[in-house]
Each structure stands twice: as C-alpha cells, then as structure tokens.
Amino acid sequence: MTNWIIWLLPLPPLLSFFLIILFTNKNRPLSHGIAVGAAGLSWLGSMIVFVRALGTEEFGKHVFGSAINWLPTGTSWLTVGVRIDPLSAAVVFFVAWTVLMIFIYSIGYHNFGQPAGDHDIKGLPPHGATVADDHGHKHSVPSIEPMYARFFAFISLFAFGMYTLVVSDNLLTLFVGWEIMGLCSYLLIGFWYGKKSARDAAVKAFMTTRVGDVFMLLGIAFLYSATGSLSYNVIFDPGVLQTLASRPAFLGLSAAGVIGLLLFIGTIGKSAQWPLHIWLPDAMEGPTPVSAMIHAATMVSAGVYMVIRMFPLLSLDAHTLTFVAFIGSFTALFAATIAVAQNDIKKVLAYSTISQLGFMIAALGTGAYVAAAFHLVTHAFFKALLFLGSGSVIHGMEHGVLHTGEHVDAQDMFNMGGLRRKMPITFWTFLIGGFALSGFPVLTAGFWSKDEIFAEAFGTGHLLVFIVLAIAAFLTAFYTMRQITLTFFGEPRTKAAEHASETPWTMTVPLIVLAVFAVGYGWVGMPGWFTGGLIPNWFHEFVGGTLSQPPETLPFLGVPVATSLFVALGGLLFGWLVYRKVESAEKDFLQIPLLKNKYYFDEVYAFLFVKPAYWISETFSSVFMDRKVIDGFLHSVARFSLFLGNAFRNYFDKPFINGLIGDGTGAAVKASGSGLRKIQAGRIQYYMVVSIAILVIFALLVYFLRA
Amino acid sequence: MSIPLSWYLILAAVLFCIGLYGVLARKNAIAILLGVELMLNAVNINLVAFWRYLDPAQMGGQVFAVIVLAVAAAEVAVGLALIISVYRRRKTLVADEIDLMKW
Amino acid sequence: MEFFTSHLLSFILFFPVLAAVIVLLLPKGNLKVIRWTAFGLSLVPFALTIYLWTQFQAGQPGFQFEDQVNWYTAINSSYHVGVDGLSLTMVLLTTLLTPVALLASFSVSDRLKPYMFLFLLLETGMLGVFLSLDLLVFFVFWEVGLVPMYFLINQWGSEKGEREIWKGVKVQARNYASLKFIIFTMAGSLGLLLAIQMIGVATGSFDLVGLFSNPNWLNSDNLRLVNLLGLPLGTVKAIAFWAFVIAFAIKVPVWPFHTWLPDAHTEAPTAGSMILAGVLLKLGAYGFLRLVLPLFPAESSRYAGWLAFLAVMAIVFGAFSAYGQKDFKRLVAYSSVNHMGFVLLGIAAAARAAGTLDGTIAMNGAILQMFNHGLSAAGMFFLVGVIYERTHTRNLDDFGGLFPLVPIYGGILIFTSMASLGLPGLNGFVSEFLVVRGAFGVGLNVPWQPIIVYTSIAMLGLLFTGAYILKGIKSVLHGPVNEHWAHGEHKLTEINAREIAVMAPLMALILVIGIYPAWILDVINKAVMTVFH
C-alpha cells in the first residue's frame, strides 16, 4: 500500500502537465485548479508516506521500496524503482510543503482575477491594465500573466521531476528527474522569452548545469559498469563499497574516488557551486520570484540531496571528501562576499543560496552527514520563505510603480525602504526568514542547522573549514540585515515604495506557513545538550539511520556554539548599524566593482570557453574543416578527375581515337574518293580508251612475260 | 583453197579498228553506235572464218555469229530508241553533252 | 494463409513496387487521388510489419520468416530474405517512416506521380538491404536505394541556392548535393562490391547464413582462389574489412566521410530529408551490425580503436558544426552526424568486446539509438520543412519570436528537440545512456582504456548537443514577437492537422520508448545476444 503511494507520488503533477498543455490551456481557473489539485494530491501522499515512515520502528533498516524491470541488459535487467528511507522521507516532506506553497503563491503572483493587460503580449511580463472605477477615474492596476496556464504546466512538470528524483531508488531515475528539472528551469527562466536577458539566462543555466550533468553521466556509467547496478540497495552494500574502494582507477584515486568526483561535479553544476555557480544569479530572470524560488529552494537542493545520498560512496576516498569540503567552503565564502554588494533583492538571495549550499557541501566534506541533510531541509524552508517574500515585496512595489507611474526598478533595494508599514505580513515573515538564514540563536531553524555544521567541522578537526564557514556566516548575517534594513526599515526612498501595498492572501498564506517551518523545523534537530537530554536529537537519529552505521552524536563543544552566536548576532547588528543610515547606492561603501561584477567570472568564462567554442563551431569545424579541408580535398579529387578526363580527351581521344581512327579513316576514304573521281568522267569513250589501253598493256605483259 | 585464213583475220581486224576508231573518236552518238556495229561484225567475220577453217564439223561458230547478229539487232533497237529519247529532251546527239550522270 | 506467412517478407519487400506501379497508372491530373493512393498503399507494408512483429519469436537463434528462391545459379547467389531482431527493428522503422514521409509530402504538387513512384521504389530499396541474406542481393538493393534518392534531391530539392565548388565555379546547390551524395556513396560501393566478389569467389557462395555458420569462411584453402597477389591471409581479410567499413562509414556517415550529408539533407525535399536521416543513414550502421562484425570479428576487435576514434570525431565535430550553422536545416543535418557518432561508438565498443555484458549493452544502445534517431531526426526535418514551406527561408536570423504566433508548432518543436538533445524521459536518453554505459563498461571490465578516453571526449559532444538544440529553439521560437511574420502576406500560419498527424506517431513513439523502452529493447537485446555470443 505504502509502496503504491510512493509510486504514485510523482504522477499527479505529470498528469497535470499533460492536461494543461493538451486540453485546458485556454481556461485559467481550471488550469491552476488542476495544478494545485495535483500538487495537493502529491502533498497528501507525501504526508501519508511520511507519517508511516515515522511510525516504523528503526525505519533506516526497514525502508519502503519496490522495483520493476526496466531495461534488458544481456541476460539480466536494469531495475528501477522507488524507495523512501529516512533521508528521502525528510526531503519529500519539505518538497511536498514547498511545492504546494509555490503553487498556491503562483496564483496570486500572476495576478489571477486581474484584467488582461492593455498591451501585454506573450513572452513579456505583464505591464498592467487600465480600469475605470465607478466615478470614471482611470487607474493602472496589475494585469494577469498572458501565459498563465503555461506557467502552471511548467511548474507541474517541475514538481514531477523533483518528486521523481526524491522517490527514486536508483541513480538512473534520479538522473531522469534531475534532467527534467533542468529542462523546466530552462523553460521557466526563459519564460519571458521576449526579453533577451531571459533568453540568455535560460541557455546559460541549461548549458552550465549540463557541464556538470555530462560528468555525472560519466560517473553513473562508471558506477554502473563497476557494480553492475544503480540501485542504492546494491551500491551501498558494504561488500560492493569495499570493492570500489580497493579498486584503483586513475590519477591515484580509487574507483570510488573517481565515481564520487564525477557525481560531485554534477552537483557542482546543479547546486551552483564554484566554478559553475554563474548560472544561478542570472536565473533570477524568470518570473519573479516563483521560478527563482524553484531554482533556489528546490532544484538546487537536488544537487545537495544527491551528494548526501552518495555519501557512503564519497566517504570511501579521503581525497574526494577533501575536494568536496574545499569546494563547499570556498563557495560559501566566495558567494557571500558577492552577495554583500548586490542591490537587486533577488540577486542577494541568489548568492546567499549559493553560499548556503556551500555550507551543506562543506559539511558533507567534513563527514557531517546529518548536519548537511538538516541544513538542506531548514534552508529549503527559510529560503523558500525569503524568495516568496522577496516576490511579495516586488509585487507590492510593482503595484506602487503602476499606481504612481514612476519608472523605477521594482527590484532595487535602494528604491524601497519603509515597507514594514505597507506590507506587514510580508515584513514579519521576511524577518523570520532572514533571521533563520542568519542563524538567529535558539528560535530559528537556521541556528540549529548551522550550529550543527560548525560543531561537526570543529569537532572533527577541520579547522580551516570551520574558520572559512564562520566568516561566511558572519557575512550572511550582515547582508541579510542589510537587505532587511534597506527594504523594510527607514523611510520610503521612492514614491513607488510609498504606495506599495500588501499582496493578496494567496501570496501571504504560503509565507505564513513557511514561516512556521522556518522557526519550528529547527526544534526537531535540537542537540541533546540544549534540552538537557530530555528530548533526543530526533532529526539526527532519524536521518542518521539511513546509513548502515549511524553517526555518533557530538558532545557539547563551547567554541562552535560561541562562534555561532557571535557571527549571527554580530553580523545582524553590524548590518543594522551600517545600513540604518544609508540613503542611496552611492553612499554604500560596498559598491566595489570587483564584487559588483562577481569577480568577473562571466567575462573570464566568455573569454576562456564561450569564445573558443564559437570559434570552433563557426570558423573551424564546419567552415575550415568540412568546407575547406574535407570538401576541398573532395573538390580537388573532382578537379583532378576533371583534369584527367580533359587530358584524355584532348591528348588521347581527340588526336588518336577521333583524329586517327575515327576521322582519319573517313578522311582517307574521302581523299581517295575525291582523287579517284576524276577518272569517272562520264564519257564512255574515255573509259574505253582506258580499258583498251589496259587490255593492250596486259596483252603485252602476257606476251612478254611468257617469253 | 586459195584464200588463207589470215586474210580474213586481217579484214576483220581492219574492220574492228575502223569500228573502234568510230566509237572512240566520233562525237555523234549514232556514229558511235555504228562503230559498235562494225566491231560486232568484225567479230562475226572472225567467228565464221575460224569455224570454216579450223573445225567445220562443229556448228559453234555459226551459232555464235547468229547470236551476235540477234544481240546487235536488239542493241541497235534499244540504242537508237535511247538516242531518239535523248535527242527529244536535249536536242543534241553529241555524247559529251549528255552528262546528266556525271558528278 | 500458409502461403502468406511463408512469403510475408517478400510481400513486405515488394509491395511498395506494386504500389509504385499502381501510382504510375493513375490519372495524372488528380493530385488528391495520387496522394491518398500512395499514402494508403504505403500503410500496407506497415500493417504487414506490425503483423510480423507480433508473429516474431524474440530470442530464437537464427533468422525467421526466411524465403529463398534460386536467382543466379551459376555463381550460387539466391534471393534469400529473413529477419532477426536487428533487422526487424529497422524494417519497422522503414515501414513506419515511409507513410509518415508520404503524408508529409502532401504539399508537393510538382510532378507528383514520379515523385511518389520514386519514393515507393526507395522503400523497397531500403527494405531490401535490411532483409536480404545474400551478399549480392544486399548489394543490389544497396544500390537500388541510391537512384530514387538522387532524383528526389536533384529534381524536387530546394530550387534556391548555389554552391561555389572552387574559385569562380558555381553550381546549383541541389545538383551539387545530389551528385555529391551519389558519387560519394558509389565510391564506397566499389570497395564493397570488390570485397563481396572476393567472398563470393573464395567461398563459392554469397549466402550469409552459410557464412555466419562458418567462422573460417576464408582460410588458406580457398584463399588461393582469390589471392592473385600472394598476400597473407590476414592482409586479405583486413583489406576486405576496410572495404566494408569505408562503404558503410560513408553511408552512416562517419567523420571525415560526412560532408555529403549536410549538403544532401539541406537540399533534399522535406520528406526526402526525413527518409534520408531516418532510414538511409541506418543502412550504413546496419551494414556494420549485419556484415562487418559477424564476418570480421577479429579485425573488428583489432581496429575498434580506429572506429571509436572516428565516432568521437563525429560526435564532437558534428555537435560543434551544428552549433555553427545559420541554416536551420543544416543545423539539424549536422545533428545527425553527432547522433550517428554514438551509434558507431557503441558498435566500436561492442566490436572490441563482443559477447560480454558490456559489449551487449553498448550494442543494444547503438541499435536503439539508430531507431531513436530515425524518429527524432525525421521529426526535426519535418518541423524544419513545415516552417520552410511557410516562410521560404531557413535562415535562423530571419526567425525569432515565433512562439507567440505558432504555439502548437513551438511546443512540438521543443518536444522533438528535447528528444534529440537526449532529455531523460524521452527516447534519445535511453540509447545514449546505454552506449555510454556500454563503452565505459568495456573500458573498465575488458579492460580497454582508450575507449574510456574516447567516451569522455564524447561527453564534450553531448554538452554541445545541448548548445545547438538550444540555439535552434532560441533563434526560432524565442525573442520578442516577430512582427515580420505576424501580419499581412507574411503571416505565419499554425501547423495544420495533417502536419500534426505526421508528428503524432513520431512523438508518441518518442515518449513511449523514453518511458518504457523494454518492449523494443528486449527484441534487440535478445537478437544481440544470439548474433554476438
């Protein structure tokens, strides 16, 4: 029964996608009804599965799962199936909630119930509509998204991808979901394909993640070749893992190390880690902020989920773990430094996402399996909250922009200010999300998950990782407070901000629900030392049970807790103090070109990779190689044949065959004929003279010769 | 037997030569035809003379002479008819001018 | 019924000829009758193939539905046809794509009768290659397929366009393309014919079943029959091997023999490109599977590295070249080079390790990739044709922003492009994954390290597959609404019902194979296991 539900989890969104695309795309209420209904069904199924998982004793050893034969390979079959173990149960829990909230939120965000825009065209964001009230006054109001139904189709497919990925019991269907989400992110980032920036961002996102994907595909092929299976059951069997660890591969790494690295590169792409982080900030071109939220809170989590899933394999080779820790901690710090200099409310969150994912990766690199998973879940909740909140802010700002007719960038934080009074629900929920992100002590979920990461890094002796993450956490609190201060505190800096208004209930209700989780979810993972051992660290025991040898709970350590408290509170305070007074972007001391331009990574990549690729494609391979070299060779063969043919014709056929044999015979006959015709005078007497003369000659000859 | 065979032969040869001369030298088609007749008759003289002197028991010589006469008669008939026909169309009897077949 | 079943293959094979003759006898003026007759009759072989599929016993060794008639007793060649799992999938592809292509040709009205006639003749040519079990008959059908395609490109190809072959000398592009196509293939056929003759003279038979059952078909005894130069046995076999390989490599086409393909595809009429990409390219790959690997196992294994190298070059440069194109049809044409490279990569891996699990997986992937590419490439070419018919341009710079104008077309284009890109959940992914997995497995478990390097480099091509597909979508569909095509005489009309009917079976199969490939892969897998044990 449970297995059936798990099989069915991804299906409602898929059906919803096909239904909307094929049948209901003209009908907006029906389309979002189907989509939200499908998300609701999946949510219900997920909750049932989750509750059943909670009710199972020693769930890590008695996971749910079933598999079917999918691909015949020789005499055996490759099986695919579903599996819910503690880790995927935890993930499916947050996926179900966030997905459902996104779906509901999208209805309001895309201005359902508003009139169609005056000049709105498909492929561009709605520009607003003019309506007349009872007194004949004309107002500009937001207009409904022209491609409303299509959006719900795309996010339904997206949800299908995410569910597929989570319930998979093997890497292959995980990869299927992974790539389907890649497609959806491409479609959603490029949703407003009329904008050049959106088109470019969509391609950039797809291509950058695909760099990681091809490595991951190699890793999957390697793993499959080495173990003969892709099912977690088989590959995480201690015996199989042992073989992988002892089998040498390349570059002095074991097979496990190489596979781990290849798979991890997939994560680097999907979870936007350095050096493949460049796509995520640009992905904010999608419909604000829903796709952004998908990209930041859901899909990128898939990358981290995959490495957490593969942790038993990764942990076999110390080199791989070191590499993972390096990439994670470097990204955490690197992205945080960029985030402090961004003015776009979504860009800050985008870089913050990269940075937070770096925290998880770094945690995993230090071996903190549970901490990484815990931060994954809490981060999903509070980052979803923040993105939806920022969308709500932008939506409110756009309302103000339409109302006043003032042309300002509705996403630039320096155009905001004082929004706490205009948008109270958004403000309070955003504040909760921001504090959770900063790790505000005790209350918020972010504190507990981040604290666990610090404790693990410190406790296992990864001091460098610990220090780097601490600095990153300080910056996180700082830029979060900068964002909150600039957006909500102070006085409105533009007319649009003065006339911003709170968003409809379809948008605020998801914010409130997610805010509850952003606070409450931390409590399930409170360490034993805090509760005095009264409540065990539930999350640790639950998720830790996924591994064959559940990790130890760390004892209380003073240094990480102190650090955690200091960086969170210090960062928040510092941010508040600095930005309380800042009135415009010019007065912001952090507007450093190097940071604003994201360390020039786009430019460097354009020079190093994009340009050469263009050159190879447009100049080298099809023009120079095919046209010049290969076709040139063929043409010279053709030319040589032509030359040979002409030579034969001119120097053999013409003079010998034609001249000598063909024409020559004719000419000889003709010449002899015209010579001889002279004797054919037509005069009989002449003939007779000749014949008599010949007769006489012959007679004489006969006569004399006989003699 | 007073006259020897050679005399006949000489007569025939002279006659033949006269005929030949007529055929070769004359331009008038009728004259040419007459020359041909002379030559034929020279042959006839030869035939008869050889028969009489060499083998009188055989009839061959006489028979041949008669055949030649018959042929000559036919020839004259056809030849004169052609000449008259040509003359009617071309108003000439000069052999050189009758050159329609000439290239 | 007994008669019918025992000659089923001959019915499938020669029915198109009969149909072609019927089409010739139709009144010239009534285009509608000609179109529907040709289309309707082409469904008959398809129906017969479906019946064949249901009657086929997968996993049974050897060939089924064999039909043999003495043909040329003096040299011991006979008309001998039969199917196994390899050819059955290809026959299904051919008989499926021909009606689809004929339906796609309903917009042709110029000299329709000869057009349909040639098309149906082409079907017999292609089916003959897949079905024949006699080398000489194989060769005859191999050549038969060329002629109709030559005329289709030469007479019904795009009228515009010139090609400068060398300085100052320009020729009409379709003449150039058709000539290049036929000369290139014929050049390869020369070696093929010689090698076939060598086999025929040496063994005294052209029958493939006999040759397969005798691994030592060329030995020191019969070598002297053909060995005029006194070469050693290995050299003779190697020469014959390469003669086969080059003939088939040209047809596949493998880098660097591929340059006829972009030209021919670009100039061919839409349906011609569909068949060209969908089936004709498969003839080459099928040649590798049916003849090269079974007849020359040792040589295949020895030279597998070269094959893999060429495959990787095709994958990488095919992808790069596709990305560099401005002509939409050329872009799709180069994508065929890229995709067929994966077929050859799988074949190379399997050649090295025939009979192993990894070799079997690679081979499964290669054959499935042939089928999949037939579906997606035919679909892509058709979609290019749909838009070309309306706009009379293929230049990507002239498009952009068409999505709001033609949303259904756009959706279908994205779907088919994604199949071509190898999106998991659609068919292309399954086969590419199997090829990569098989090749990697061969590298790891045989072990044969070079192919790991080649596979890794091939990933670069896979990456750029994404690049050129996205470029196509971006430059055609995305962008601000294209005013030029939005109004007035240039107004772009939406894809019509007939065109959707062309795409529907292709898209359905793309999705079905992507989600549940076992129904076809099982047949392939069992065939591979019996042929390459």
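Helices (H or I, at least four residues) and strands (E, at least two) are DSSP runs numbered from the N terminus. The model is predicted, local features need pLDDT of at least 70, side-chain atom pairs count only at pLDDT 80 or more, and totals for chains, interfaces and linings use all residues. Residues are numbered from 1 along each chain as its sequence is written, and chains are lettered from A and ligands numbered from 1 in the order in which they are written.

**View 1. N233(A) in helix 8 of chain A.** Helix 8 of chain A spans residues 232-235. N233(A) counts as partly exposed because 16 C-beta neighbours lie inside 10 Å; a residue is buried with 20 or more other C-beta atoms within 10 Å of its own, exposed with 12 or fewer, and partly exposed in between, the C-beta atoms being placed from the backbone. D169(A) is 64 residues away along the chain, and its C-alpha atom is separated from that of N233(A) by 7.8 Å.

**View 2. Helix 15 of chain A, residues 345-365.** From first C-alpha to last, the 21 residues of this helix reach 30 Å, close to the 30 Å expected at 1.5 Å a residue. The expected span is 1.5 Å times one less than the number of residues. Helix 15 of chain A is mostly covered, with 21 of its 21 residues buried. G367(A), which follows the helix, has a positive phi near 90°.

**View 3. Packing of helix 10 (residues 255-270) against helix 14 (residues 318-339) of chain A.** The axes are 9 Å apart and the packing angle is about 20°. Axes are lines fitted to C-alpha atoms, for helices over the stretch in contact, and angles run from 0 to 180 degrees between N-to-C directions. The two helices are therefore roughly parallel, the class for angles under 35 degrees (over 145 is roughly antiparallel, 65 to 115 roughly perpendicular and the rest oblique). Their crossing is right-handed: the near helix is turned clockwise from the far one by less than a right angle, whereas anticlockwise would be left-handed. G257(A), G260(A), L261(A), F264(A) and I268(A) of helix 10 meet H319(A), T320(A), F323(A), V324(A) and I327(A) of helix 14. Residues are in contact if their C-beta atoms, placed from the backbone, lie within 7 Å. The contact residues comprise six nonpolar, four polar and no charged; Ala, Val, Leu, Ile, Met, Phe, Trp, Tyr, Cys and Pro count as nonpolar, Asp, Glu, Lys and Arg as charged, and the others, Gly among them, as polar.

**View 4. Helix 4 (residues 86-109) and helix 16 (residues 369-404) of chain A.** Their axes come within 10 Å and cross at roughly 5°, which makes the helices roughly parallel. Helix 4 contributes residues including F94(A), M101(A) and Y105(A), and helix 16 residues including V377(A), F381(A) and L388(A). By class, 12 contact residues are nonpolar, three polar and none charged.

**View 5. Helix 5 (residues 112-131) and helix 13 (residues 270-295) of chain C.** The packing angle is about 25° and the axes are 10 Å apart. Helix 5 of chain C passes helix 13 of chain C in a left-handed crossing. L122(C), M126(C), V129(C) and F130(C) of helix 5 contact I275(C), V279(C), L280(C), L283(C) and Y286(C) of helix 13. The residues of this contact are nine nonpolar, no polar and no charged.

**View 6. The contact of chain A with chain C.** Chain A gives 44 residues and chain C 46. Helix 7 of chain A supplies the largest share of the chain A side, 14 residues. That side has 25 nonpolar, 11 polar and eight charged residues.

Terms used
Contact = placed C-beta atoms within 7 Å.
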